[in-house]
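Work through the exercises below with the sequence and coordinates open. Each task is followed by a solution in steps.

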Amino acid sequence: MTLPPLFSDWFAGNGWQPHPHQLALLAARGDTLLIAPTGGGKTLAGFLPSLVDLHLNPGKGLHTLYVSPLKALTADVGRNLARPITDMDLAIRVGDRTGDTPTSQRRRQRADPPEILLTTPESLALMLSWPEAAKMFSSLKRVVLDELHALAESKRGDQLMLGLARLKRLAPGVQTTGLSATVEDPAALAWFMGAESVLQADPGPAPDIALLPTLQPPPWAGGGGRYAVPDVLDAVAGAKTTIIFLNTRAQAELFFQALWLANDQALPIGLHHGALAREARQRVEAAMAAGELRAVVATGSLDLGIDWGNVDLVIQVGAPRNIKRLVQRIGRANHRYNAPSRARIVAANRFEVIECVAALEAARAGELDGEPRGPGPLDVLIQQILLTACAAPFDANALYAEVITAGPYRALSRDDFDACLDFAATGGYALRIYERWQRLVLRGGLWQLRDPRAARDLRMNIGTITEAEKLKVRRRGRGGGPLGEIEETFAASLSPGDTFLLGGQVLRYDRIRDLVMEVTPTPGREPKIATFSGLKFATSTELSQRMLRVLADPDRHAELPQNIRDWLALQARFSALPRPGTLLCETFPRAGRWHLVIYGFAGQNAHQTLGLLVTRQMEGLGLDPLGFLATDHALMITSLQPVTDVAPLLTTPGLEQGLEDWIAASSLMKRSFRAVATIAGLIQRNRPGARKTGKQATFSSDIIYDTLRRHDPGHILLRATRDEARRGLIDFDRIADMIARNPQIGPRALPRVSPLAAPLLLELGRVRLAGEGQLRLAEKMARDLMEEAGLNRVRGDD
Amino acid sequence: MTEGCPFRFAGEDFLARPSGALWWPAQGTLVVADLHLGRSGRYARRGGALLPPFEDADTLARLAAEIAALDPARVVSLGDAFDDDHAASEVATREAAVIARLADGRDWLWIAGNHDPAAARAHLPGTWLSHLPGLIAFRHIAADGPDISGHMHPSTRLAGRRFRCFVLGQTHLILPAFGTYTGGLDIGDPAFAPLATRGIALACAERVFALPMPTARKRSPLNTFSKEA
């Protein structure tokens with residue numbers, strides 16, 4: 001297709017010219033992946049072929065389906081599409097269909113769909129599970145997948161690709177366009193979505209990026225970056241509109257509060273993160289769109305592109321953890337296509353300065369990082385099989401043929417498919433006792449639900465996002481407004497009267513009623529804690545290695561600020577600096593536990609694997625390991641007994657002995673199992689009716705996991721769990737290699753934590769080990785409690 | 001030497017076993033609570049999840065190990081042995097031989113629970129009672145003490161791990177749930193307060209260890225370690 005006069009006039013009338021990649025996409029045949037920087041008119045590029053086609057060939061029924069990872073983005077895209085449609089007076093209806101769409105509107109859409117429908121992967125899966133799906137999607141001509149790079153990072157992407165395979169069967173000839181920000185491996189992303197060609201838009205001018213100069217030096221440890229508040233406020237005052245990114249919700253809350261306390265000029269500044277109530281987020285988004293805010297403090301919730309053209313500065317507080325994310329965040333500044341984006345980075349502590357310097361260097365060099373993604377996970381396939389049965393009875397051969405057209409499932413074997421089908425139907429257990437109660441039954445050669453009422457449960461559990469259970473938080477009293485939500489585990493740690501931060505307010509916990517936490521704002525009180533985990537990002541291996549190079553090369557230290565050089569000198573005096581070719585190890589006591597730190601700079605996966613191997617050896621030697629933390633720079637193991645000699649822990653022979661059991665019992669596997677079992681429908685997230693809470697009626701997924709492991713170790717869900725956990729591990733040969741290449745130093749027995757190890761103590765994401773150490777620790781805690789209560793022995797009835 | 005934690009309750013000597021069973025040596029009596037046999041079957045029957053159907057075998061194997069170790073003259077099940085009355089007849093049929101072997105040569109007492117008030121008793125060996133009166137009464141739900149009961153599934157979290165618990169008060173002794181597919185009610189729950197004021201809990205693991213009931217503590221330090229995961 002070429003641009004019809006109506007459209008070129010519209011461009012010209014606005015004083016614009018179509019971008020070359022917009023025209024190229026219009027002319028493209030087959031499925032295409034478009035890679036363009038933020039602000040490159042990506043969305044319009046994706047829709048232009050649809051608008052032109054609908055203008056030239058007005059037809060009945062659904063023409064284009066747009067899928068984005070965020071509900072907010074569908075609303076934004078809907079608004080942006082309204083402009084060309086109204087300006088050119090096109091007879092095109094645009095509707096959106098997300099979890100927020102009212103039921104009446106959904107019903108209308110099913111009967112009479114708009115020409116363009118905007119949705120999310122979960123809502124698409126839901127629509128495909130309805131019996132009307134075949135009819136509704138038969139007229140489909142185009143599919144636009146927005147922010148595909150973000151979707152491809154999780155199981156949501158796998159689910160979307162299975163949905164796309166279904167759409168291609170329901171509407172043969174449908175043409176798919178993927179839209180993505182800059183990624184390290186465009187060919188892999190194209191393969192994932194099944195695109196025949198990749199279009200690369202002009203990346204625009206190089207960004208203007210640097211460390212934000214600060215009056216105070218960064219602290220030794222900590223992740224909040226609050227020391228830089230005055231400097232950040234100055235930068236905000238000097239720009240039109242600023243987005244300030246932090247890595248976690250808790251950090252965003254604390255930073256926001258600190259900004260307000262120091263905000264003498266009363267600059268309008270908002271807060272936006274995923275734990276806030278939708279109303280609160282929408283208020284901030286609307287204020288931002290209207291240009292009423294000078295800055296917004298945000299987390300990953302703003303990573304994806306709601307289009308705010310007036311943003312001219314991005315400040316990243318805390319090390320960006322991976323180069324790709326930094327580059328994508330930088331792109332949020334200056335949405336004008338050919339102006340350079342301006343971004344400043346604030347290192348939260350001295351260790352991070354090195355990481356930031358390394359990240360800036362990589363970003364300027366345009367070197368992105370990323371892990372190759374694995375094959376499509378089986379739990380997602382199981383959910384797809386069950387949802388297929390909700391739509392209509394199906395033939396197993398036809399479904400298999402459809403599934404292997406989806407990029408991530410191209411290599412799926414028929415045996416694995418059949419095992420997934422068997423699980424969906426009967427549970428797939430070695431003991432076949434569910435034949436009477438099986439979920440899917442084979443009738444007349446077609447698989448269908450035994451009890452059609454089960455469809456309701458299955459639809460309620462659609463999706464691949466498995467988050468911690470949340471509690472809603474609202475203001476106490478009549479009609480108290482919703483404030484947001486917090487994780488149940490965090491809520492469990494609070495007692496009535498405790499205070500915490502949410503939405504920039506200090507709140508006092510009053511009581512929990514009907515799964516809602518009621519609170520009273522208590523301004524002026526110190527918040528007790530603000531730890532809800534949010535997202536934790538891993539530093540990429542590429543970035544870790546760059547850091548080691550900066551650390552190890554004294555010539556490069558000159559690039560670092562003076563305070564960082566002082567810090568490194570202190571580390572060198574107190575312990576030693578890591579050097580390539582050696583493995584620096586340190587031990588120190590802290591808070592009643594021993595810590596062993598191994599600086600591998602080999603990436604989180606390698607350290608995680610090493611952590612499992614070393615703790616297994618420690619358990620055998622009676623050192624009572626409790627758990628470990630693997631970051632990208634180092635591995636830190638806590639134990640009840642000190643490690644005096646590292647060498648026997650790192651000897652390769654025997655390392656793997658008993659390892660399977662050790663890994664299987666760790667919290668790493670149990671966490672993976674919980675997610676897998678939820679997605680595959682073994683554990684239900686949403687039950688019709690009341691949700692059960694911590695009462696004796698429910699039992700944990702850990703019990704199911706342990707039972708399955710003892711009685712049916714070959715079960716498909718255990719395999720899926722191992723596959724998933726293994727993505728966080730690397731093969732043992734590479735670890736042995738790393739150990740062999742790096743003669744160890746130490747361990748250096750230190751009296752206390754070293755400057756280099758201090759930041760590790762604050763990291764989240766510890767792996768717990770179910771060993772003797774854990775039991776001894778529990779016993780010790782119990783003993784202390786008994787003494788505290790004045791009971792020093794088991795009381796008889798004296 | 002028999003494993004477990006010895007303690008006195010209502011003038012008698014007992015042993016809290018690591019398995020969560022109670023041993024009363026003077027009476028040669030083994031007591032277990034809340035087996036919840038047939039739970040996965042009940043979920044499947046109701047159209048819920050198809051849970052791994054191995055919990056009955058698992059629960060009965062652990063019970064068999066206790067019986068083999070202690071050779072009790074009498075076994076008391078404190079109610080909710082079956083997840084519902086239908087499960088009782090299903091399990092009784094399927095596991096009849098196993099249960100008969102366990103009961104062979106011993107007194108077997110089934111106390112009815114709220115889950116299995118009218119279980120089909122024909123297939124099962126032993127005697128069914130609503131409760132067993134005595135100097136120390138046996139019942140499903142704690143009432144007039146001194147009594148030994150189940151129903152509550154007491155448990156606690158320490159160092160990031162969940163432990164099933166005995167709860168030992170002045171006049172009430174509450175057993176942990178013995179069944180594999182059972183959850184727990186934290187001993188900090190207000191429901192325990194009237195039953196075990198200034199009491200202690202005995203946590204079951206590879207070893208049994210004591211801790212005070214939260215009502216006997218100055219401040220609840222629970223969850224101090226559990227947020228790390």
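**Exercise 1. A loop residue in chain B**

Is B:Gln27 buried, partly exposed or exposed? Then place B:Gln27 in its loop and give its distance to B:Arg74.

Solution. The model is predicted.
- Step 1: B:Gln27 has a relative accessible area of 41%. Buried needs under 20% and exposed needs over 50%. B:Gln27 is therefore partly exposed.
- Step 2: Strand 3 (22-24) and strand 4 (29-32) of chain B flank the loop that holds B:Gln27.
- Step 3: In sequence, B:Gln27 and B:Arg74 are 47 residues apart. In space, their C-alpha atoms are 8.1 Å apart.

**Exercise 2. Chain B as a whole**

Summarise the secondary structure of chain B, its buried share and its exposed area.

Solution.
- Step 1: Count the elements. Chain B has four helices and 15 strands.
- Step 2: Of its 229 residues, 60% are buried.
- Step 3: Take contacts in chain B between residues at least 6 apart in sequence; 64% of them join residues at least 24 apart.
- Step 4: The exposed area of chain B is about 8,200 Å², with 53% supplied by carbon and sulfur atoms.

**Exercise 3. A buried serine**

Find the strand that holds B:Ser149, and list its contacts beyond four places in sequence.

Solution.
- Step 1: B:Ser149 belongs to strand 9 (residues 147-149) of chain B.
- Step 2: Its relative accessible area is 0%, so B:Ser149 is buried.
- Step 3: Leaving aside neighbours within four places, B:Ser149 contacts B:Leu78 and the run B:Arg139, B:His140, B:Ile141 and B:Ala142. It also contacts B:Leu173, B:Ile174 and B:Leu175.

**Exercise 4. Cysteines**

How many disulfides does the structure hold over all chains? Check B:Cys204 by distance.

Solution.
- Step 1: The total over all chains is zero.
- Step 2: For B:Cys204, the nearest cysteine sulfur belongs to B:Cys165, 6.8 Å away. A disulfide needs sulfur atoms within 2.5 Å, so B:Cys204 is in none.
- Step 3: B:Cys204 is buried, at 9% relative accessibility. A:Cys390 is buried too, with a relative accessible area of 9%.

**Exercise 5. Two helices in chain A**

Describe how helix 15 and helix 22 of chain A pack.

Solution.
- Step 1: Helix 15 spans residues 350-365 and helix 22 spans residues 562-574.
- Step 2: Their axes are 9 Å apart, at an angle of about 115°. The crossing is left-handed.
- Step 3: Helix 15 brings A:Arg350, A:Phe351, A:Val353 and A:Ile354. Helix 22 brings A:Asn563, A:Ile564, A:Trp567 and A:Leu568.
- Step 4: Sort this contact by class: six nonpolar, one polar and one charged residues.

**Exercise 6. A proline in a loop**

Locate A:Pro393 and name what it touches.

Solution.
- Step 1: A:Pro393 sits in the loop between helix 16 (378-391) and helix 17 (396-403) of chain A.
- Step 2: Its relative accessibility is 44%, so A:Pro393 counts as partly exposed.
- Step 3: Beyond four places in sequence, A:Pro393 touches A:Leu446, A:Trp447 and A:Gln448.
- Step 4: A:Val441 is 48 residues from A:Pro393 in sequence, and 9.6 Å from it C-alpha to C-alpha.

**Exercise 7. Cover for a helix**

Which residues of helix 11 (residues 229-237) of chain A are buried?

Solution.
- Step 1: They are A:Val229, A:Asp231, A:Val232, A:Leu233, A:Ala235 and A:Val236.
- Step 2: Their cover includes helix 12 (249-262) and strand 9 (242-245) of chain A.

Terms used
Residues numbered from 1 in each chain as written. Chains lettered and ligands numbered in written order. Predicted model: local features only at pLDDT ≥ 70, side-chain atom pairs only at ≥ 80, totals over all residues. Heavy atoms only, no water. Buried < 20%, exposed > 50% of the residue type's maximum accessible area, 1.4 Å probe, protein only. Contact = heavy atoms within 4.5 Å. Areas by Shrake-Rupley, 256 points an atom, 1.4 Å probe, with all protein chains shown as cover. Axes fitted to C-alpha atoms, helices over the stretch in contact; angles between N-to-C directions. Left-handed = near helix turned anticlockwise from the far one by under 90°. Nonpolar A, V, L, I, M, F, W, Y, C, P; charged D, E, K, R; others polar.
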